[in-house]
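Biologist: Before I use any of these labels, I would like to hear what stands behind each one. Please take me through them.

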Amino acid sequence: MPHCSFLDGRRAMLRFLAASPILAGLGLPRAWMSVGAQTPDLIAAAKDALDVFDFEAVARKNLSPAHFGYLETGTDDDATVRANREGFSRYQLRVRRLIDIGKISTSVSLLGAAWDSPIFLCPVGSHRAFHPDGELAVARAAKTGKHTVMLATPSTTSIEDVNAARGEPVWFQLYRREDWNQTRQMIKRAEAAGCPALVFTVDLLGGSNRLTGTRAQRRDTQSCLSCHVGGLNDNRRKPMIADLKPAPAAPEVGPPTWEFVKRLKDATPMKLIVKGIVTREDAEIAVGHGVDVVFVSNHGGRAENSLRSAVECVPEVVAGAAGRVPVIVDSGFRRGTDIFKALALGATAVGVGRPYIWGLAAFGQEGVETVLSILRRELQMAMRQAGTTTTKQITNAYLVDRLPTVPSGRQ
Ligand SMILES: Cc1cc2nc3c(=O)[nH]c(=O)nc-3n(C[C@H](O)[C@H](O)[C@H](O)COP(=O)(O)O)c2cc1C
């Protein structure tokens, strides 16, 4: 066979670019690189992964274009997905030397419970669109690594089964229904299942323009009847919605406001978390409405195309919460140093979304386990490198903010 040095050279260059930390710093998902660059490097087993991005390429290979598009999409031109990665490069690590780093503890305490790790699994809908074992595989993997799980309203497994697989009740994420009686039914079901916390997501109330996902759907010629039995909005495979019982209708008038948060608070003894807060003002209002944890998130760049990274929103939300309630964060976290930076900015815990789904789509439960163990290992290494042995020690003294802080909003 003739040797094609041009192609070999091009492939080598693409491989180099795909592996380059410059690209990772820019936040470009490696699966968006040329297939030519990825094919030779696809990992064959979870244990071969060097970082969480190694699972993304395998997920892309395993999933139909529509499902992969649903997973990866941001909104408009996906700029906020990229911004979520770029935001981390604003903060440099300011590390200390010659500290006794023989013993590292990553444990944190949240809502009166001790967690071994600050890393939790964000609510992501429809896990069985990514692997037949779906939420059960994820819950079992989380159990192995002792991670807290948030189960999404549009999950493809019931909360009772997920709790059994996790070995303890998970947190339930709520998308409210347009009928209060139905919303209430979901809350009561989560409560009856023993869930300690209700996570109310507020960042999609204005809609979201998911063009990458829609384009991928259009390109996909396969019909996926096992997922979409009766069309895209068919909820029959989503037990938290499909199992709602007929009840006297109590229609909501328009999208919810802070009044609704108060209603949720009064409706359940579960702790209430509001997911999708990105400003100091809203953090203050949330605390005023009895919210127990403020969750900084831009839905992984899938809500408004704000161009603001989630990590850069942490300082003002922490200022708004003012130590009265904990702040947690997700969106764009892929490395131990990312997690370290959020903790240093004042977050108590950090969620991952797409990375564990890449692991699930790539290798099922083992993939999720490996993604989580890579993140744990990387966080521990970042802590050792910085000279911090407990999460409490990780403060903003370990960061340099490259931009002068120009606070937005009210002071
Ligand atoms: C495919 C997909 C489905 C999601 N489904 C939900 C959901 O049902 N409820 C919710 O509150 N957030 C949902 N999210 C947002 C995640 O909870 C989380 O905020 C986001 O994935 C974090 O960003 P990351 O993917 O960059 O880690 C979803 C995210 C993805 C990627």
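The talk below sets the labels for this structure against their definitions.

Modeller: This is a predicted model, in which local features need pLDDT of at least 70 and side-chain atom pairs count only at pLDDT 80 or more, while totals for chains, interfaces and linings use all residues. Residues are numbered from 1 along each chain as its sequence is written, and side-chain values use heavy atoms, with hydrogens and water left out.

Biologist: How do you know what confidence the protein has?

Modeller: pLDDT is the predictor's confidence in each residue, from 0 to 100. The mean for the protein is 91, and 88% of its residues reach 70 or more. Over residues 1-40, pLDDT stays under 50.

Biologist: What makes strands S8 and S9 a pair?

Modeller: Strands are DSSP runs (E, at least two residues; helices are H or I, at least four), numbered from the N terminus. Two strands pair if DSSP finds at least two bridges between them. Four bridges join S8 to S9, so the criterion is met. The two run parallel, and Ile 273 has Val 293 in S9 as its bridge partner.

Biologist: Which strands are called edge strands, and why?

Modeller: The open sheet has eight strands in parallel pairing, in the order S4-S11-S10-S9-S8-S7-S6-S5. Strand S4 (119-121) and strand S5 (150-151) are the edges, as each pairs on one side only.

Biologist: What makes the crossover from S8 to S9 right-handed or left-handed?

Modeller: A crossover is right-handed if, with the strands pointing away from the viewer, the path from the first strand over the helix to the second runs clockwise. The chain goes from S8 through helix H13 (residues 280-288) to S9, and this β-α-β crossover is right-handed. S9, helix H14 (residues 310-321) and S10 also make a right-handed β-α-β unit.

Biologist: Why is His 299 called buried or exposed?

Modeller: Buried means under 20% relative accessible area, exposed over 50%, and partly exposed in between (1.4 Å probe, protein chains only). His 299 has 13%, so it is buried. Leu 307 has 52% and is therefore exposed. His 299 is in the loop between S9 and H14, and Leu 307 lies in the loop between S9 and H14.

Biologist: What makes the phi of His 299 worth a note?

Modeller: Most residues other than glycine have a negative phi. Phi of His 299 is positive, near 65°. Leu 307, not a glycine either, has a positive phi of about 70°.

Definitions and conventions
Contact = heavy atoms within 4.5 Å.
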